Amino acid sequence: MQRFCLDYFASRESFQRAPVLPIHTVNALLNIRLEGRPGACFNSLMSNTSLIEVRRAKPSDAPAIAATHDDAWRAAYQGIIPGAELERLINRRGPDWWDSAIRKGSRVALLAFGNTTAGYANYGRNRARSLYYDGEIYELYLRPEFQGLGFGRKLFAAARRDLTQSGLQSLVVWALSDNESAVEFYRSLGGRAVARSSERFGTKVLDKVAYAWNGNGKE
């Protein structure tokens with residue numbers, strides 16, 4: 001289990017966007033930060049706050065991951081992917097689909113905030129033969145209420161670390177060009193645009209871009 005610190009929270013407003021934290025915990029954590037201890041961890045206030053955990057998903061997590069997928073996709077792609085096609089894509093990835101994928105050995109990392117599944121990442125070997133990168137993050141999504149709090153960076157780092165430990169040193173991820181939040185996120189992590197392609201969603205063709213990270217620490 002990995003328990004992460006709160007040094008990525010920048011302000012009281014950032015804390016208050018996470019309604020699962022009681023206000024006295026918000027104030028205590030912020031005060032610790034302002035007192036010059038930005039590395040204050042959840043462990044120091046374990047009695048009244050929740051833990052962030054990134055771990056490999058289990059079959060029993062399938063319903064929570066499916067629900068997270070539904071919420072995240074609707075928030076990310078409404079108005080980008082045509083409505084009927086978006087619902088079709090969401091509906092095909094229900095609990096049974098995730099249960100089967102996990103049992104077959106797909107790498108799915110789950111980010112839990114207390115007892116709540118806040119996000120997930122699905123990753124493995126690079127699928128595009130035209131790109132020379134070793135690994136690929138196929139999906140990385142957070143529930144809308146957990147976005148903008150640094151959780152995505154933690155999930156990305158965990159997936160990348162797992163790939164690296166398996167010998168997959170370099171990494172690529174695809175994002176729809178119209179998904180501005182995803183594009184900004186991968187750019188902020190140092191991803192370089194290395195390829196472009198397109199994908200059809202029903203009657204609509206959308207552009208997508210690949211962002212890559214090298215395995216030598218130089219992006």
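On the other side of helix 4, away from its buried residues, Ala84 and Asn91 are exposed, where exposed stands for over 50% relative accessible area, buried for under 20%, and partly exposed for what lies in between, using a 1.4 Å probe and protein chains only. The buried residues of this helix 4 are Glu85, Leu86, Leu89 and Ile90. They cover an arc of only 135 degrees around the axis, which puts them on the same side of helix 4; the arc is that of the directions from the helix axis to the C-beta atoms. Helix 3 and strand 6 are among what covers these buried residues of helix 4, and helices and strands here are DSSP runs, H or I over at least four residues for a helix and E over at least two for a strand, numbered from the N terminus.

Before I go on, please keep in mind that this is a predicted model, in which local features need pLDDT of at least 70 and side-chain atom pairs count only at pLDDT 80 or more, while totals for chains, interfaces and linings use all residues. Residues are numbered from 1 along each chain as its sequence is written, and side-chain values use heavy atoms, with hydrogens and water left out.

Let me stay in this region for a moment and turn to Ile81, which is found in the loop between helix 3 and helix 4, the latter being residues 83-91. Is Ile81 buried or exposed? Ile81 counts as buried, because its relative accessibility is 4%. If we leave aside its neighbours within four places in sequence, Ile81 is in contact with Leu86, Leu89, Leu176, Phe201 and Leu206, and contact means heavy atoms within 4.5 Å. The C-alpha atoms of Ile81 and Arg200 are separated by 9.4 Å, although these two residues are 119 residues apart along the chain.

Now for the protein in general terms, which has 7 helices and 7 strands and, read along the sequence, follows the pattern α-α-β-α-α-α-β-β-β-α-β-α-β-β. Of the 219 residues of the protein, 47% count as buried. Among the contacts with a separation of 6 or more, 63% are accounted for by residues 24 or more positions apart.

Next I come to helix 7, residues 180-188, where Ala182, Val183 and Tyr186 are buried. Why do they lie on the same side of helix 7? They cover an arc of only 100 degrees around the axis, and this puts them on the same side of helix 7. On the other side of helix 7 we find Glu180, Ser181, Glu184 and Arg187, which are exposed. The buried residues of helix 7 pack against strand 4, helix 6, strand 5 and strand 7, the last of these being residues 204-213. After helix 7 comes Gly190, whose phi is positive, near 95 degrees.

Strand 5 is also the place of Ala175, which is buried, with a relative accessible area of 5%. Leaving aside its neighbours within four places in sequence, Ala175 is in contact with Ala182, Tyr186, Lys208 and Val209. Ala175 and Tyr211 are 36 residues apart in sequence, and their C-alpha atoms are 7.9 Å apart in space.

Helix 6, residues 151-165, has 15 residues and reaches 21 Å from its first C-alpha to its last, close to the 21 Å expected at 1.5 Å a residue, the expected span being 1.5 Å times one less than the number of residues. Its buried residues include Phe151, Leu155, Phe156 and Leu163. Just after helix 6, Gly167 takes a positive phi of about 90 degrees.

I finish with the largest pocket, which is lined by 42 residues, with Tyr77, Leu140, Tyr141, Trp174 and Tyr186 lying nearest its centre. A pocket, on a 1 Å grid over the protein atoms alone, is an open set of points where a 1.4 Å probe fits, with protein on both sides within 12 Å along at least five of seven lines, and lining residues have an atom within 4 Å of a point. Which element supplies the largest share of the lining of the largest pocket? Strand 4 does, with 7 residues, and helix 6 and helix 7 are among the elements that each supply at least two residues.
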